[in-house]
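This report describes the voids, the sheet and selected residue environments of one protein model. The sequence and structure are shown first.

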Amino acid sequence: MTTTSAEEFEAHRPRLFSLAYRLLGSAEEAEDAVQDVYLRYSGADRAGIEHPAAWLAKVVTNLCLNRLTSARARRERYVGTWLPEPVITSDGTLGPLESAEQRDAVSMAMLVLLERLTPTERAVYVLREAFGYGHREIAGVLDLSEANCRQLYRRAVRRVGEPQARFEPASERQEELVTSFITAARDGDLAGLEKLLAADATWWSDGGGKVTAARWPIEGGAGIARFLAGGGPKFARGLDFVPAEVNGALGLASWAGDTLVGLSVIEVRDGLVTGVRAVVNPEKLAFARRQLTRP
């Protein structure tokens, strides 16, 4: 592959990664899929590729559909709660996130909801909602009829819900709330935690059986407060918590010295913490670790 062709592919790489990540919920697998596309592109007769962007999108989508089938089987055997691999988004890795709807499209909550869909439904939904493809274009990507794509999209929307901004954008007030939340957890301040948590809040931890983590969601603000007050001081000892934009939302990076040991998304609404999604499985932190330790 000539340098010029390689540079041409690199111009498409960010968009291809963004698409693959939304389809797979895994940054590592998305990188692998994009690399596979690169290899196919380098070996293709590019003179016969009239629209490279469309060709590349079709190839990466279909590679991801194949991966989703095996990924679903692995997730059925996953130890504890499964969460997507977190991505630091302040560097534009997942493209522009200028609106609440764009941020919601890459949120942990949305990626979990997309797990309800079949691989083909997921592809239709992501291409339509995140990338603005028309049904005719989607039909060309998936080699389906336009009518079938419309039907798949309607079914996906019913399962996921109408597109909407589900969470409030980060603000200075939210950052103050998260700081108070971390301080209360560090101190084992049960009363303080109860004041900061919504009554219907939920805590999800993804350790994947690799490290200690709650294997099932903890429901209710009171239950989360007791959980954190009991184990928070011990868990937080020796850790530094640094604000980070994770999947388009307010989050925290947990560091033990120079080692990233966790990434959490803090969901806030009406001045209260409504949810925490904490990824502590070290295998799922590799991509974000590279993002945060770049020179």
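Which residues line the largest cavity? In this predicted model, the lining consists of Leu68, Ala71, Arg72, Arg75, Leu114, Glu115, Leu117 and Arg122.

## Enclosed cavities

The count of cavities of 30 Å³ or more comes to two. The largest cavity holds about 40 Å³ of space. Helix 3, which spans residues 52–76, supplies the largest share of its lining, namely four residues. Sorted by class, the lining of the largest cavity comprises four nonpolar and four charged residues, with no polar ones.

The second largest cavity encloses about 30 Å³. Its lining is formed by Arg15, Leu16, Leu19, Ala57, Leu127, Phe131 and Tyr133. Here the largest share is three residues, contributed by helix 1 (residues 3–24). By class, the lining of the second largest cavity divides into six nonpolar residues, one charged residue and no polar residue.

## Open pockets

The largest pocket has about 650 Å³ of space. It is lined by 28 residues, and those closest to its centre are Trp203, Phe227, Leu228, Phe235 and Val280. Two or more lining residues come from each of helix 9, helix 11, strand 1, strand 4, strand 5 and strand 6. Helix 11 provides the largest share of this lining, with six residues.

The second largest pocket has a volume of about 400 Å³. Of the 21 residues in its lining, Arg22, Ala105, Glu129, Ala130 and Phe131 lie nearest the centre. The elements that give two or more residues to this lining are helix 1, helix 4 (100–105), helix 5 (108–114) and helix 6 (119–129). Phe131 thus appears among the residues nearest the centre of this pocket and also in the lining of the second largest cavity.

The class composition of the two pocket linings is set out below.

| Pocket | Nonpolar | Polar | Charged |
|---|---|---|---|
| Largest pocket | 20 residues | seven residues | one residue |
| Second largest pocket | 12 residues | four residues | five residues |

## The sheet and its helices

In what order do the six strands of the open sheet lie? The order is 2-1-6-5-4-3, and the pairing is mixed. Strand 2 (218–219) and strand 3 (240–246) are the edge strands, each pairing on one side only. Strand 1, residues 197–206, runs antiparallel to strand 2 and is joined to it by two bridges. Within this pair, Thr202 has Glu219 of strand 2 as its bridge partner. In general, strands of a sheet pair through backbone hydrogen bonds, in either a parallel or an antiparallel manner.

Two helices that pack on the sheet are described here. Helix 9 (residues 172–187) touches strand 1, strand 3, strand 4 (249–256), strand 5 (259–269) and strand 6 (272–279). The direction of helix 9 makes about 35 degrees with that of strand 4. Helix 11 (residues 221–236) also packs on the sheet, touching strand 1, strand 2 and strand 3. Its direction makes about 50 degrees with that of strand 1.

## Two residue environments

Ala201 belongs to strand 1. Is Ala201 buried or exposed? Ala201 counts as buried because its relative accessibility is 1%, where the cut-off for buried is under 20%. Leaving aside neighbours within four places in sequence, Ala201 is in contact with Ile218, Glu219, Gly220, Gly221, Ile224, Val273 and Thr274. Among these contacts, Ile218 and Glu219 fall in strand 2 (218–219). The C-alpha atoms of Ala201 and Phe131 are 31 Å apart in space, and the two residues are 70 apart in sequence.

Glu146 lies in helix 8, which covers residues 146–160. With a relative accessible area of 28%, Glu146 is partly exposed, since that class lies between the limits of 20% and 50%. Apart from neighbours within four places in sequence, Glu146 is in contact with His135, Arg136 and Ala139. Glu146 and Leu16 are 130 residues apart along the chain, and their C-alpha atoms are separated by 23 Å. Leu16 is one of the residues lining the second largest cavity.

How values were computed. Residues are numbered from 1 along each chain as its sequence is written. This is a predicted model: local features need pLDDT of at least 70, side-chain atom pairs count only at pLDDT 80 or more; totals for chains, interfaces and linings use all residues. Side-chain values use heavy atoms; hydrogens and water are left out. Two strands pair if DSSP finds at least two bridges between them. Contact means heavy atoms within 4.5 Å. Axes are lines fitted to C-alpha atoms, for helices over the stretch in contact, and angles run from 0 to 180 degrees between N-to-C directions. Buried means under 20% relative accessible area, exposed over 50%, partly exposed in between (1.4 Å probe, protein chains only). On a 1 Å grid over the protein atoms alone, a cavity is a set of points where a 1.4 Å probe fits but cannot get out, and a pocket is an open set with protein on both sides within 12 Å along at least five of seven lines; lining residues have an atom within 4 Å of a point. Grid points are joined across faces, edges and corners, and a volume is the space filled by probe spheres set on the points. Ala, Val, Leu, Ile, Met, Phe, Trp, Tyr, Cys and Pro count as nonpolar, Asp, Glu, Lys and Arg as charged, and the others, Gly among them, as polar.
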